[in-house]
Structures are given as C-alpha cells and as structure tokens.
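I opened the notebook to go through this model from the whole chain down to one helix. Here is what I looked up.

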Amino acid sequence: MAAGIEGSPLLEKPLGASSSGLVKLAPEGMKPFQQAVFHLKTLYLFTKSDIKTVLAPQIIFILSAVLCREPLTAGHGQTALEIARRLPLAVFWIWLHLVVCGISNQRLESSIIEDELNKPWRPLAAKRLTAGQAQRLLLAAVPLAVGVSAALGCGLLPTLSMTTLLWMYNDLDGSSIDIWARNAINTGGIMCFSAGSLAVLSGAALLPRSWAWIAVTGAAIATTVQALDFPDMEGDRARGRKTIPLLYGEKVARGGLAVAVLVWSAACPMFWGLRPVFWVAPVGVGGLMAALTVLRRNEKSDDVVAKLWCLWMSVLYVLPLLTAWEA
C-alpha cells in the first residue's frame, strides 16, 4: 500500500474485517482523488439519514425566517444577494454539526448493533472504519465546529449547547435511560440547529419573537418525534432503547401522535395569526399523517408516516413566510 494511504486512519482495517473486505473498500494504489472521494463519502454516510430530517427542514426554516415580514433577527431586511451569499455558510454550519452528531452517536457499540439491523450502509456498520477511528475523527470534528462558529462570530452558543447535549445523549446514555430525557435532548438539539443556522444566515442576534418560534416548533417536535420511532422498532428493541411505542405500546403511541399532530397543525398557524386559507397545508399533511398512523400499522406505512413527518415539519417551518400575505 502506498505510503500516503497507509497512514490514513480512515483506511485502517476495521476490527473483524477480512482482507478481501479491506481491498474492496480501500484498494492498494488508490490515488489521492480517490482517497478524497472515499473520505467524503464516509462523512456523507454519517449524515445521510439526517438530510431529510434535519438539513432540508432547517434550510427551509432559516430561509422562511429571514424572509418573514416580521423581524426575527437584528439583521432583518437583508437583501436577496446578502441572503444568497450567506446561505452556503449556514448550510455548511448545519452539515458540519450533523457530522459531529453522527459520529458521536454511531461510534457507540450499541449503535453499531442497531445500525447493522436498520442501517447497514452506515460507516461503522459497513466496516468503513472502526469505532476507535471514529472517535479520533470526532476529536477533530468537535474543535472544528467550535472554531467555525467562533470565526463566523455567530452560532457559538448553539454549538457549545449542542456539544453538551451530545455528551448527555451518548456518553451519559441519555438516549436510553429515560424516554422523556431522550425526547428533551433531541428537541434541544434541533433547537440548537435552528438558532445557530439562523444566526449564521442573518449574521445577527436573534430577537425574542424568533426564540419564541423556535420554542413552539421545538415543542411540536418533542410531542411528535415518535413518528420516527415506528420504522426502527426492531433496532430499538435489539438495543434495549426505551421509545414511546415500545414503552407505552403502539396503540397509545399512535393515538398520542395523531392528537399532537392535529393540535400543532392548528396552533402553529395561530402563532403567526394566519388566515384559515393558510391552515390548509399543515392541517392537510398533519391529518393524512394522523390517519395513516392510526389506521395503517405496518412497516411500509410507518416509513411513509416518517417521511410525512419531515414534510409536515417543513410545512410548519415555512409558515413565517406566509405573513407577507397578511399585511
């Protein structure tokens, strides 16, 4: 193996991997460009599951917030050019923190077992690197995230808060020890993404109205995020993780989800004082999700419900933009 490749921690042979498996993942004589592609794909796989659940919705959230008629940040009134110029920074900020979150969670032995059942394409489950290599990568990624936020002059507090929540979730076993602690930590993490990325996009401090909206959407997430638990029940059961469907039973979990979705589908438009015509999208998507949750109880339907939840949250996130038609 070439000297430049041999010392790369991401290309070390994972524990338990065969020699043939190593050749398949990192063939001898790999060129620098191929190495870069391999490493970038590994980072992408750490965040693949979060693109539709976090990255895309958060982009919608921040764009809707900065274009809202009502001021949500001290930098309200940015031009389209200013927004376009800072948007890549905000997207990179979100993705970088998703990398940190992904590595932090997926490096754990219990997570690897779960991923081998539910998501075998993830880097550690696919033997692209070992848990030890992932830990070293995390040791580099965390300071990088903090440094980027500090250099941008905004988003540092959300970064530090998110790092603390990750420590609680993964290293203090907050993901398994108590379902309500798990939901609270997850919700806090999403709120950190919202606050940090909005600060980066606007380049300014958030106003109280913005924090209130983040709190409302956070509450909506906290009471409906179990929609993402239904497709992963087998993996959660194997890990021994306490989720609402496993702890309280599917009937209670599905009924509670349906009610919460319908409540927030009405409450969020009310927060912005929108006319009933603008309630159609959140109530429509929420109603469909609630119906499927209660009436169809199979893996295929649960996957659809999980996707609908992402769409529903995106619809809620876009509501501030609709205030432009409320003048």
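I began with the fold and found 16 helices and 0 strands in the chain; helices are DSSP runs of H or I with at least four residues, strands are runs of E with at least two, and numbering goes from the N terminus. This is a predicted model, where local features need pLDDT of at least 70, side-chain atom pairs count only at pLDDT 80 or more, and totals for chains, interfaces and linings use all residues. Residues are numbered from 1 along each chain as its sequence is written, and side-chain values use heavy atoms, with hydrogens and water left out.

Next I checked burial: 50% of the 327 residues count as buried (under 20% relative accessible area, 1.4 Å probe, protein chains only). Contacts (heavy atoms within 4.5 Å) came after that. Among those in the chain with a separation of 6 or more, 77% join residues 24 or more positions apart.

Then I turned to helix 4, residues 50-66. Why do I accept its length? At 1.5 Å a residue, its 17 residues should span 24 Å, and the end C-alpha atoms are 23 Å apart, which agrees; the expected span takes 1.5 Å times one less than the number of residues. Its buried residues include D50, P57, Q58 and F61. Their cover includes helix 3 (32-47), helix 5 (80-106) and helix 16 (299-318).

Last, I pulled the UniProt record, an unreviewed entry, which lists 137-160, 252-272, 278-296 and 308-325 as "transmembrane region"; such annotations may be inferred rather than shown by experiment. In the model, residues 278-296 are 84% helix, with end C-alpha atoms 28 Å apart. Residues 308-325 are 61% helix, and their end C-alpha atoms lie 26 Å apart.
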